[in-house]
Amino acid sequence: MLTTMMQMGLLIAFGSVWQLLAPKHIPALAHRRALTDLVFYILLPALVLDVIWGASIDVTSMKISLVALSGLAVSALLMWFMLRFYTTNQAQKGALMMAAIFPNATYLGLPVTNQVLGSWSNSVVLQYDLFACTPVLMTLGILMAHHFGSTERSVHPLRELTRVPPLWAVAVAMLLNLLAVPRPEIVHNTLATLSGGVVPLMLIALGMSLRWDTIRLRFLPLLLPVSVISLLIAPFIALVTSYGLAMPEQITTAVVLLSAMPTMIFGIVICERYQLDSAIYAAAVFLTTLISVVSLTLWFHWLPAV
């Protein structure tokens, strides 16, 4: 696991360096957006369509969603409780809540579990994220961001859901799966070829999204509960819930690792859109991603013995 995390770290570091060395005729932000848009609108939907179409959708899928939802709920309650002991403004509260609740299940979880568990885990990752995390983020998460933010823009959570291409891919793939529509080999090969670019581009984009200038000593007391909740408590809740639901051992390992992922990158976009504290959110992304190199390794090696 540590070797895998180091390999992932090299690609993330390459993305960080690319921010400095990228050709200056295009702004660094434009480079990052081009990569993330390519993944978000084309490559990731191709992966979702290919994997979910051929996946086994059964009661385990519901259990995966329940594990994810339990982690989100407990993380939200704990962070809300912890913020009562800190002096923060509304923008900071909203950013810290977002940072503690939503894990980077796809952009980091997909490549990590793919490497350490195998390609079979892709289906678990996509169900964990797209059956639970993303719908909650784009509905309740958006409402929460609007509540704590200072923007006057209107909120339409259901409309936000329609703007997520991977969810459209899930809907189509589920329909094809449930109707037992055969997957032509040429379609599978095409989708698999597109899917091959998801992992490296995700990691490079993650590196380009990390903001080294956001870490401030004054942020550390606020980031401590975020780190503990997202990297330690959330995976523990996932482990307990998985045992309670009698999940298969390998699925349990996958969902615990996914729940132990650092703070989700996409939240920066929501913070900026709803005028939450983007700097403290970006600091949470950076710090939890850095710590997760160690915490994920410990979780992975501890799980088989549990």
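**Exercise 1. Determine how helix 4 and helix 14 are oriented relative to each other, and which residues form their contact.**

Solution. Step 1: establish the elements. The model is predicted, so local features require pLDDT of at least 70 and side-chain atom pairs count only at pLDDT 80 or more, whereas totals for chains, interfaces and linings use all residues. Residues are numbered from 1 along each chain as its sequence is written, and side-chain values use heavy atoms, with hydrogens and water left out. Helices are DSSP runs (H or I, at least four residues), numbered from the N terminus. Helix 4 comprises residues 90-101 and helix 14 residues 278-302.

Step 2: obtain the geometry. Two packed helices are described by the angle between their axes and the distance between the axes. Axes are lines fitted to C-alpha atoms, for helices over the stretch in contact, and angles run from 0 to 180 degrees between N-to-C directions. The axes of helix 4 and helix 14 come within 8 Å and cross at roughly 20°.

Step 3: classify. Angles under 35 degrees count as roughly parallel, over 145 as roughly antiparallel, 65 to 115 as roughly perpendicular and the rest as oblique. Helix 4 and helix 14 are therefore roughly parallel. Helix 4 passes helix 14 in a right-handed crossing (the near helix is turned clockwise from the far one by less than a right angle; anticlockwise would be left-handed).

Step 4: list the contact (heavy atoms within 4.5 Å). Helix 4 contributes Ala 95, Leu 96, Met 98 and Ala 99, and helix 14 contributes Ile 280, Tyr 281 and Ala 284. By class, there are 7 nonpolar, no polar and no charged residues. Here Ala, Val, Leu, Ile, Met, Phe, Trp, Tyr, Cys and Pro count as nonpolar, Asp, Glu, Lys and Arg as charged, and the others, Gly among them, as polar.

**Exercise 2. Characterise the packing of helix 11 with helix 12, and state why helix 12 is described as largely enclosed.**

Solution. Step 1: helix 11 (residues 220-244) and helix 12 (residues 249-259) pack at about 155°, with axes 7 Å apart. That angle makes helix 11 roughly antiparallel to helix 12.

Step 2: on the side of helix 11, the contact involves Ser 230, Ala 234, Pro 235, Ala 238, Leu 239 and Ser 242; on the side of helix 12, Thr 252, Val 255, Val 256 and Ser 259. These residues divide into 6 nonpolar, 4 polar and no charged.

Step 3: apply the burial classes: buried means under 20% relative accessible area, exposed over 50%, and partly exposed in between (1.4 Å probe, protein chains only). Because 9 of its 11 residues are buried, helix 12 is largely enclosed by the rest of the structure. The buried residues of helix 12 pack against helix 3, helix 5 (109-116), helix 6 (121-148), helix 11 and helix 14.

**Exercise 3. Find the salt bridge of the structure and describe the setting of its two partners.**

Solution. Step 1: side chains of opposite charge can pair when their charged atoms come close. The criterion is a side-chain nitrogen of Lys or Arg within 4 Å of a carboxyl oxygen of Asp or Glu. The structure holds 1 such salt bridge: Asp 50 pairs with Arg 183, the closest N and O atoms being 3.0 Å apart.

Step 2: Asp 50 lies in helix 2 (residues 28-53) and Arg 183 in the loop between helix 8 (165-178) and helix 9 (185-195), so the pair ties together parts that are 133 residues apart in sequence.

Step 3: Asp 50 is buried, at 8% relative accessibility, while Arg 183 is partly exposed, at 32%.

**Exercise 4. Examine the phi values of Ala 180 and Ala 246 and place both residues in the structure.**

Solution. Step 1: most residues other than glycine have a negative phi. Ala 180 has a positive phi of about 55°, and phi of Ala 246 is likewise positive, near 55°.

Step 2: Ala 180 is in the loop between helix 8 and helix 9; Ala 246 is in the loop between helix 11 and helix 12.

Step 3: Ala 180 is exposed at 60% relative accessibility, and Ala 246 is exposed at 58%.

**Exercise 5. Describe the surroundings of Leu 276.**

Solution. Step 1: Leu 276 sits in the loop between helix 13 (267-273) and helix 14. At 6% relative accessibility, Leu 276 counts as buried.

Step 2: leaving aside neighbours within four places in sequence, Leu 276 is in contact with residues including Ala 91, Gly 94, Ala 95 and Met 98.

Key: Helix = DSSP H or I, 4+ residues; strand = E, 2+ residues; numbered from the N terminus.
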